[in-house]
Structures are given as structure tokens and as C-alpha cells.
Amino acid sequence: AFWGDPNAFNSNPSLVEAKPLGANWQVAVLPAPASAAVTGPTMILGTLISIMVAVLIWLLLRSRQRHMALSRTLTSLSRQAPGLAFQFTAAKGQPLHFNFISDGARDLFGLEPTDVMEDAGLVWSRIPPNSQKQARAELLESAEEQRPWHTRLLLRDAQGVQRWYAVNAMAERSRSGEYVWTGFLTDATSE
């Protein structure tokens, strides 16, 4: 792969063009001068391998570009939802891990979503200790019985005030055997 004008080459290169991540890329395959030891099939095979590598690079970059666009869309949608959207993973005897938590974490708890994704304990520690065991048992039970997890939790908000929050989530079992919950948490203090 190169940046620049393909006319810089003395011979006629075969070009594959791609526009990943908003940039114009061109991959050139230059025919090498043939020698007695190099036969036509070898040159063709080398050219095909070069083109396949270029296409694979292009596909990887395109996949990343699509992933970034989907991430921006999800973030934009979650900013409009009340409360916070989340996805977390848990297995028996293992700590929770947030795969995603919306910007609502900042509004409700004064926590940065990236910090919560690195340390789920930042949210979990806001549940009173005597309620943590019950909450964990309820969520694992909901997963094993394949039913939604609907509960109310008492958590400390950004100012340290205890408030009631409604949690609505559904678990799915991942290929690795862990449970992955996807759901919403909303302030239910006034209910």
C-alpha cells in the first residue's frame, strides 16, 4: 500500500483502490522483470497473493469504519434515553464487567462511562452491602430461568443521596458460557 500518485512507477502497475476511514488508498502490484528462473505461473501467483492481501487489508479497515459508525449511533441514541443503558457480563463467582454503559452514568452517579467499564465496582459499591447479595442472586436466577430481571435497587446518586432505581434487563448466555445482560436503569424514587 502506498500514498501518492501511481504514475511515479516506471511500469504500469495493477491498481486496487479503496477509501477506508475517509482516505483514498491505492495498492499497486508491479510486474517484475522476468528472469529465466521465474515462470509465468509464479508471477501470476505472486500477483494474486498481493491482490488478496490488499483486499484483506481493505476489508479490515472497512469493518473498523462500520464498527465506529455503529458505536457513534449507539452513543447518540443512548444519550436520548432516560436513565442509563447498559450491558454487563457475569458468571457465578466472578465480578461483574460492563461491556457498555451510557452517558447516563455521568448524570445519575457522577461517574465516567469509561471508568465504569474498567471497574464495575464503581456502580456496584453504590448498592448498600446488605442488598448486594440479594441483587446478585436475583440477577443470576433471572439468567438461569431465562426471564427478565425486573427489580428496584437502592443506590447512592452523584451527591451521595440514596435513591430507588428501576432495573429492567434480559440475560443471554454467551458462547463462553457467561451471561450477558442488556437493559436500562431509571430513577424510580418518585414512584
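Over how many bridges do strand 5 and strand 6 pair, and in which sense? In this predicted model, strand 5 and strand 6 are joined over eight bridges in the antiparallel sense, and within that pairing Leu153 stands opposite Tyr165 in strand 6. The two strands form a hairpin with five residues between them, and Gly160 in the turn has a positive phi of about 85 degrees.

The next pairing takes the reader from strand 6 to strand 7, which run antiparallel and are joined by nine bridges. Here Ala171 has Trp181 of strand 7 opposite it, while Val167 has Leu185 as its bridge partner in that strand. Strand 6 and strand 7 also form a hairpin with five residues between them, in whose turn Gly177 has a positive phi of about 95 degrees.

Both hairpins can be placed in the wider arrangement, an open sheet of five strands in the order 4-3-7-6-5 with antiparallel pairing. Strand 4 and strand 5 are the edge strands, each of which pairs on one side only, and neighbouring strands are turned against each other by 30 degrees on average, direction ignored.

From the sheet one may turn to the largest nonpolar core, which has 29 residues and in which Phe86 and Trp181 have the most contacts. At least two residues of this core come from each of several elements, including strand 3 (84-90), strand 7 (179-187) and helix 5 (129-144). Leaving aside neighbours within four places in sequence, the residues in contact with Trp181 include Phe86, Phe88, Leu139, Leu140, Trp149 and Met170, and Ala171 is also among them.

Notes: Residues are numbered from 1 along each chain as its sequence is written. This is a predicted model: local features need pLDDT of at least 70, side-chain atom pairs count only at pLDDT 80 or more; totals for chains, interfaces and linings use all residues. Side-chain values use heavy atoms; hydrogens and water are left out. A nonpolar core is a set of buried Ala, Val, Leu, Ile, Met, Phe, Trp, Tyr and Cys residues joined through side-chain atoms within 4.5 Å. Buried means under 20% relative accessible area, exposed over 50%, partly exposed in between (1.4 Å probe, protein chains only). Helices (H or I, at least four residues) and strands (E, at least two) are DSSP runs, numbered from the N terminus. Contact means heavy atoms within 4.5 Å. Two strands pair if DSSP finds at least two bridges between them. Axes are lines fitted to C-alpha atoms, for helices over the stretch in contact, and angles run from 0 to 180 degrees between N-to-C directions.
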